[in-house]
Amino acid sequence: MKRIIVIGAGASGMLAAISAARCGASVTLLEGKEKPGKKLLITGSGRCNLTNLVVDVKRTYHGAGEKFITNILNQFSVQDTLSFFEEIGLKVCDREGYIYPVAGQAQSVLNVLLLELRRLSVKIKYSEKVISIERDKGNWKVSTKGWTYEADAVILAAGSKAAPATGSDGSGYLLAESVGHRLVKPLPALAAMTAKENWLKKIAGVRMPAKIILKTNENEFAESGELQWTDYGISGIAVFQLSGFAARELDSGRKVSVILDLLPFDSEENLYMWAVSRCKDLKYEDVFAGWLPAKSITPLLRGAGYLPDEKVCEKVLQKIIYDLKHFTLDIAGVKGFENAQVCSGGVDTSEINEQTLESRIVSGLFIAGELLDVDGICGGYNLQWAWSSGWTAGIHSSGGERTV
């Protein structure tokens, strides 16, 4: 019976342990925290967006090449994910392609995973922080502070550096480097951005629809959705989707700005014509009373360089509308790992077998989940990567024949 050690009891680690055990392997799952699945429990604001029915690798994933990601997703697809969770007792619901547990709680996902691990007799060791892995005479030695475990293969699924309080403290990167792997520099992704403007506290808390263009001196990226203003910058899902690009560009020393269309519901020309038809004896702040959230009008007009309580001049009004549809902020940074949902960067996938997830540097080591240089956008894509990569690593580490 093949002995498999899985490092990390997060989403990818638990799937790796389950798939390896189903292939008849003797599996030990080592978790550095006192409980499993801590990051899983906070996904989707605690509701756990399991996966997404819309599959578009080129649009939804970054980092590794499209072929690498597709090869892994095809081995454990969205449909496989749905079938698997149905099989182990989880009922799910479809919310316009976003898949959630019907209970509306991430805890229900964790519960059925733990039940399946127990059914398969997977040994789970908590508070066992792995400090080293070593290949020795064809076997693996995995050491914690209190014990050294031996195995025929190791699956490294210790997470990235995002949300370190859940156990993703970056130690997995160190373990991968210790056996010779290169890293694409990990940076925070799916996080809020900080801006240089000093008036943002006056608009903090306001939410509004917007089109967002992230610009550097070399690249341009765009998203649409709800924008949330904060006292330090901007947040919201559309901002999260762009944050990985911003972090990478800033880390490369490039200047980054965002251009916001804060009036995305109509064209500049139509808005101006409608405003002019009703602006007699109005102040600028009155014109936008029906277009923008009340708390935002004065800060935005002042931020753009205008006096809200002045009477309307048609030429100035045209310029204001233009500026609100091209509202520019200078981006200072991206919120750190403690506030990020995932990381961009990780173990260089050119050193990983694109079919098995086995290391090309040292045999018998498999790497799954966020440790790899793969990150997805919001919407269940990062969990699907965890399920797919964990399952793939578990199957191939154990020989690939399901017996249970």
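Which residues lie nearest the centre of the second largest pocket? In this predicted model, they are His-62, Gly-244, Phe-245, Ser-344 and Asp-375, which belong to a lining of 18 residues. The volume of the second largest pocket is about 200 Å³. Five elements each contribute at least two residues to its lining, namely β4 (61-63), β12 (183-189), α8 (237-251), β19 (342-347) and β21 (374-376). The helix α8 gives the most, with six residues. By residue class, the lining of the second largest pocket consists of seven nonpolar, seven polar and four charged residues.

Attention may now turn to Lys-335, which is located in the loop between β18 and β19. With a relative accessibility of 24%, Lys-335 counts as partly exposed, since the partly exposed class lies between the buried limit of under 20% and the exposed limit of over 50%. Apart from its neighbours within four places in sequence, Lys-335 is in contact with Pro-188, Ala-191, Ala-192, Thr-194 and Tyr-232. Lys-335 and Ser-243 are separated by 92 residues in sequence, yet their C-alpha atoms are 8.8 Å apart in space.

The strand β18 (327-334) also appears in the surroundings of another helix: it is among the elements that cover the buried residues of α12. In α12 (residues 314-324), the buried residues are Leu-317, Ile-320, Ile-321, Asp-323 and Leu-324. Viewed down the axis of α12, these buried residues fall within an arc of 160 degrees, and they therefore line one face of the helix. Their cover includes, besides β18, the strand β17 (257-261) and the helices α9 (268-276), α10 (284-287) and α11 (294-303).

A second helix can be described in a similar manner. In α4 (residues 66-75), the residues Phe-68, Ile-69, Asn-71, Ile-72 and Leu-73 are buried. The elements covering them include α3 (57-60), β4, β21 and α13 (381-398). Of these, β4 and β21 have already been met, as each supplies at least two residues to the lining of the second largest pocket.

The account now passes to enclosed space. How many cavities of 30 Å³ or more does a search of the whole structure find? The search finds one, and the largest cavity has a volume of about 30 Å³. It is lined by Leu-50, Thr-81, Leu-82, Phe-85, Glu-86, Leu-90 and Val-92. Helix α5 (residues 78-87) provides the largest share of this lining, four residues. Five of the lining residues of the largest cavity are nonpolar, one is polar and one is charged.

One residue of the cavity lining, Val-92, leads to a sheet, for its bridge partner in β6 is Pro-101. Strand β6 (residues 98-101) runs antiparallel to β5 and is joined to β5 by four bridges. Together with β3, these strands form an open sheet of three strands in the order β3-β6-β5, with antiparallel pairing. Because β3 (51-52) and β5 (92-95) stand at the edges and each has a single partner strand, one side of each is left without a neighbour in the sheet.

Antiparallel pairing is also found between β9 (residues 139-144) and β10, which are linked by four bridges. A hairpin of three residues joins β9 to β10, and Trp-140 has Ala-151 as its bridge partner in β10. In a regular strand, side chains alternate between the two faces of the sheet. In β10 (residues 148-151), Tyr-149 and Ala-151 make up the covered face, whereas Thr-148 and Glu-150 make up the uncovered one.

Is strand β11 buried or exposed on its two sides? In β11 (residues 153-156), Ala-153 and Ile-155 point one way and Val-154 and Leu-156 the other, and all are buried. Strand β11 has parallel partners: four bridges join it to β1 (residues 3-7), and three bridges join it to β20 (residues 365-367). Ile-4 has Ala-153 as its bridge partner in β11, while Leu-156 stands opposite Ile-367 in β20. Strands of a sheet pair through backbone hydrogen bonds, whether parallel or antiparallel.

Note on methods: Residues are numbered from 1 along each chain as its sequence is written. This is a predicted model: local features need pLDDT of at least 70, side-chain atom pairs count only at pLDDT 80 or more; totals for chains, interfaces and linings use all residues. Side-chain values use heavy atoms; hydrogens and water are left out. On a 1 Å grid over the protein atoms alone, a cavity is a set of points where a 1.4 Å probe fits but cannot get out, and a pocket is an open set with protein on both sides within 12 Å along at least five of seven lines; lining residues have an atom within 4 Å of a point. Grid points are joined across faces, edges and corners, and a volume is the space filled by probe spheres set on the points. Ala, Val, Leu, Ile, Met, Phe, Trp, Tyr, Cys and Pro count as nonpolar, Asp, Glu, Lys and Arg as charged, and the others, Gly among them, as polar. Two strands pair if DSSP finds at least two bridges between them. Buried means under 20% relative accessible area, exposed over 50%, partly exposed in between (1.4 Å probe, protein chains only). The arc is that of the directions from the helix axis to the C-beta atoms. Contact means heavy atoms within 4.5 Å.
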